Amino acid sequence: MTYVRAAEREEQIVAAAVRVLSSVGVPAMTLRAVATEAGIPLGTLHYIFPAKDQLLRAVMAKVIQDISSALRADMVLDRGVEHAFRQGITSFWSRLVEGGIGLQIMQYELTTYSLRAEGTAGLARTQYERYVSLVTEFSEQAAQAAGERCAIGFDALGRLTLALVDGLILQYIANPDADRARRDLKHGLDMVLLLADPRPVATGQSVRSV
């Protein structure tokens, strides 16, 4: 038998779990189904992930990593907040929304599963905090690189952007009209950027100023 390092085996299992979850959803997912998808004995899966919740947390960490990569793909920070913002969100939409409705449904199921099982202190809270921080960080980095400031705090910008994109994803899942969704996404980004109002930093002013 070929030896596989624990880290590689964990990646293999998480990737299989994402496929199973995207196909059948959180309630119907079993560790046995994931082991079968990964092509490994159930005992091996239990050794690495003794509990279903541990595997779900690893899945969410992987999804957050993928979203971060999609947001930052080919991003040019020194062209300012608006350019980075539109580029990052549009890239994410193309790669992980239009190309992954099952993945998006899975995330919402993970959120509701967590809220019912763990309350507001569990996986759902961590998930949204991480998503907000992703937008907050790349917006602030773009502002610093281009010497800009925004009219609202970058954390508020992150929360509002997540609320916008979250709502559009749910509508797209319910009625997957790609052209309509892209138009709505553009209009939504227009509104958020109008509120953020990124402008060059005045002398002695901080990029964090509002």
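## Aromatic pairing

F85 and F138 are both buried. In this predicted model, the two residues belong to separate helices: F85 lies in α5 (residues 81-97) and F138 in α7 (residues 123-146).

The chain has three aromatic pairs. One of them is formed by F85 and F138, with ring centres 6.3 Å apart and ring planes at 50°. A pair counts as stacked under 30 degrees and as edge-to-face over 60, so the angle of 50° makes the F85 and F138 pair tilted. With the two positions 53 residues apart, the pair links distant parts of the chain.

## Helix α6 and its cover

Helix α6 covers residues 101-118, which is 18 residues. At 1.5 Å a residue the expected span is 26 Å, and the C-alpha atoms at the two ends are 25 Å apart, so the two values agree.

The buried residues of α6 are L103, Q104, M106, Q107, Y108, L110, T111 and S114. The elements that cover these residues include α1 (6-24), α4 (52-72), α5, α7 and α8 (154-174). Two of these helices, α5 and α7, also carry F85 and F138 respectively.

## An exposed position in α9

D179 belongs to helix α9, which runs over residues 178-196. The relative accessible area of D179 is 55%. The cut-off for an exposed residue is over 50%, so D179 is classed as exposed.

D179 and L55 are 124 residues apart along the chain, and their C-alpha atoms are separated by 36 Å.

## Whole-chain figures

The chain contains nine helices and two strands. Read from the N terminus, the order of the elements is α-α-α-α-α-α-α-β-α-α-β. The C-alpha trace spans about 65 × 35 × 35 Å along its principal axes.

Of the 210 residues in the chain, 43% are buried. Among contacts with a separation of 6 or more, 72% join residues that are 24 or more positions apart.

## Surface and charge

The exposed area of the chain is about 10900 Å², and carbon and sulfur atoms supply 54% of that area. The chain has 22 positive and 23 negative charges. The mean position of the positive charges and that of the negative charges are 2 Å apart.

How values were computed: Residues are numbered from 1 along each chain as its sequence is written. This is a predicted model: local features need pLDDT of at least 70, side-chain atom pairs count only at pLDDT 80 or more; totals for chains, interfaces and linings use all residues. Side-chain values use heavy atoms; hydrogens and water are left out. Helices (H or I, at least four residues) and strands (E, at least two) are DSSP runs, numbered from the N terminus. Buried means under 20% relative accessible area, exposed over 50%, partly exposed in between (1.4 Å probe, protein chains only). Contact means heavy atoms within 4.5 Å. Accessible areas come from the Shrake-Rupley method with a 1.4 Å probe; for residues, only the protein chains shown count as cover. Lys and Arg count as positive and Asp and Glu as negative; His and the chain ends are not counted. The place of a charge is taken as NZ of Lys, CZ of Arg, CG of Asp or CD of Glu. Rings of Phe, Tyr and Trp (its six-membered ring) pair if their centres lie within 6.5 Å; planes under 30 degrees apart count as stacked, over 60 as edge-to-face and the rest as tilted. The expected span of a helix is 1.5 Å times one less than its number of residues.
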